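Hi,

Here is the structure I promised to pass on. Have a look at it first, and then read my notes underneath.

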Amino acid sequence: MTEAVEPSYELFIGGASIPSSSGERQTLIDPANNRPLAAVARGHADDARHAMEVAQAAFEASWWASDDGARRGKTLFRLAQKLEERLEEFARLETLNMGKTLRESRGDVGFVVRTLEYAAGLADKIQGETIPVPGARLDLTLREPLGVTVHIAPWNYPLLLAMRSVAPALAAGNAVVLKPASLTPLTALALGRMSKEALVPDGIFNVVPGPGKDVGETLVADARCRSVSFTGGGTAGRRIAEVAAQHVVPATLELGGKGPVVVLPDADLDRAARGVAFGIFGNAGQMCWAGSRLLAHESVAETLLSKIARIAEKYALGPGVAEGVEMGPLVSREHLESVLQFITEAEASGAKVVAGGRRATDAPLQEGNFLRPTVLSQLPAPARVLKEEVFGPVLSAATFTDTDDAVRQANDTRYGLFASVWTKELAHAIPLARRLESGMVSINEAPSTFPQTPFAGFKESGLGFEQGIDSVRSYTRRKNVLINYSLPKPKN
Ligand code: NDP
């Protein structure tokens, strides 16, 4: 296998790897040991404008936008195939850069392969409609690509969350400029280069790493930007929506969550415990849709909590690249500190630490950003950990008395991304699922998603959607064409 990490990465613009205009570079750090991993060109506003210019020119001049979709689809299938062939290499690169386990990275890259295939399959199925109108007229709608679309991705699923919007935008015939998170740009840059091998025309897929405030805002503010798709925190999301609004450009926002996990008294508690653990300790809890608030019926709470604590204590922590590891490090030292702060505050307010609550200090792990899977209970209602997104492996447990109480507590959050319900009785689960204010609800299942299922949040969790059958269409615009086919009246 090729060694995944090269010492140095450039921007990918116009089908070529190029240095940033300033020549500046940023050192990326391996979160498993806090040692330098690679250097990457740091883009700035000038690079962002250059990428937009190149993308606009490619959109206007290449065959990509004017194709009927068949050739675009074939090209994206080719890209999917190439990525699948090098899945292991990409997974390793993702793991070294971001920290997650190889098993998780393999899952992520596999998801990207499926997303590309799914979008490729839709590329030649973009159709308009004919609409009955009075008289000798024919009315029809055309579905056209938007132009240049901007995509801003976070660090928690670096390639997956970038490509779930990039793939449909490409399938729809747009030219794309992607800004990956500054902490984790490597797989996006590697995929940019691979797109050239797959014969995506130069300038149709561009990747510009660099600071969000500088590169991200310049991309969104650029007059050539026709839509923006953002995944990340609420503060940046609101700012992007503001900037996009200045030139009336649509913004899809996928923001945070504070997902409730409701366990009813008749649930299979072993299965629920495994599902709860997976939903908060997976990806070291760095998931917008983590099930971070456990709401267990008071009759089963104690038993369930001890089962979850036993699972938490057995988690094998270690560098993501080591086989058998179940949880990697958090993405950065700063992020680890921010998660620890939530735990310290919770303890100070009287919460009980049922499991974890501290860094892993065994010799090989102390250099990295490792945190033991943590379970907190007996939290006072105003505790910050119950309200804000922690973005780490920290479960907050509470109890409920009856269904109304469960619904009230579950919905008592400004977020509404994901919720799950655990019960053996669908007659209980379905009415409860209907009452939960969440864009996604799972019954007897930890957070799971597929390229064909929509991903969307209610309330402050977001605006718009990603994935699903309408994903490609959402990167098109509808033009109405009215034809008058009446014959000219004969002159007397
Ligand atoms: P951010 O929202 O700050 O970053 C996400 C992406 O947006 C990055 O590419 C970032 O660039 C970019 N960005 C940041 N500010 C701007 C801006 N003003 N204009 C344009 N682009 C911008 O997330 P963080 O990584 O800083 O994490 C903050 C919090 O967000 C986390 O603690 C977590 O709660 C939440 N989060 C949610 C995610 C989700 O999937 N829903 C994913 C990641 C974080 P850069 O990397 O250069 O800052």
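Below are my notes on the ring pairs, the charges over rings and the salt bridges.

One thing to know before you start: this is a predicted model.

Let's begin with the aromatic rings. There are 5 aromatic pairs in the structure. One of them joins Trp155 and Phe391, whose ring centres are 5.2 Å apart with 85° between the planes, an edge-to-face arrangement. If you want to find them, Trp155 is in the loop between strand 8 (148–152) and helix 5 (158–171), while Phe391 is in the loop between helix 12 (384–387) and strand 17 (394–400). Those parts are 236 residues apart in sequence, so the pair ties together bits of chain that are far from each other along it. Trp155 and Phe391 are both buried.

Next, take a look at Trp289 and Phe455. Their ring centres are 5.1 Å apart and the planes meet at 50°, so this pair counts as tilted. Trp289 belongs to the loop between helix 9 (269–281) and strand 14 (293–297), and Phe455 to the loop between strand 20 (440–443) and strand 21 (458–459). Here the pair ties together parts that are 166 residues apart in sequence. Both Trp289 and Phe455 are buried too. There is also a third ring to look at: ring pairs join Trp289, Phe418 and Phe455 into a cluster.

Phe455 comes up again when you look at charges over rings. The charged end of Arg164 sits over the Phe455 ring, 4.5 Å from its centre. Elsewhere, Arg71 lies over the face of Trp63, at 3.8 Å from the ring centre.

Now for the salt bridges. How many are there? The count comes to 29 salt bridges. I picked out three for you to click on.

First up is Glu217 with Arg239, where the closest N and O atoms are 3.1 Å apart. Glu217 is in helix 7 (residues 212–221) and Arg239 in helix 8 (residues 234–246), so to speak two distant parts of the chain, 22 residues apart. Is Glu217 buried or exposed? Its relative accessibility is 15%, so Glu217 counts as buried. Arg239, at 33% relative accessibility, counts as partly exposed.

Then there is Lys307 with Asp270, a salt bridge at 2.9 Å from N to O. Lys307 is in helix 10 (residues 301–314) and Asp270 in helix 9, and the pair links these distant parts, 37 residues apart. Lys307 is buried, with a relative accessible area of 19%. The cut-off for buried is under 20%. Asp270 has 42% relative accessibility and counts as partly exposed.

The last of my picks is Glu460 with Arg414, with 3.2 Å between the closest N and O atoms. Glu460 lies in the loop between strand 21 and strand 22 (462–463), and Arg414 in the loop between helix 13 (403–411) and strand 18 (415–416), so the pair ties together parts 46 residues apart in sequence. Both ends are partly exposed: Glu460 has a relative accessible area of 31%, and Arg414 one of 41%.

Finally, go back to Glu217 and Arg239 for a moment. Salt bridges that share partners join Lys213, Glu217, Arg239 and Glu242 into one network.

Happy browsing!

Terms used:
Residues numbered from 1 in each chain as written. Predicted model: local features only at pLDDT ≥ 70, side-chain atom pairs only at ≥ 80, totals over all residues. Heavy atoms only, no water. Phe/Tyr/Trp six-rings, centres within 6.5 Å; stacked < 30°, edge-to-face > 60°. Helix = DSSP H or I, 4+ residues; strand = E, 2+ residues; numbered from the N terminus. Buried < 20%, exposed > 50% of the residue type's maximum accessible area, 1.4 Å probe, protein only. Lys NZ or Arg CZ within 6 Å of the ring centre and 35° of its normal. Salt bridge = Lys/Arg side-chain N within 4 Å of Asp/Glu carboxyl O.
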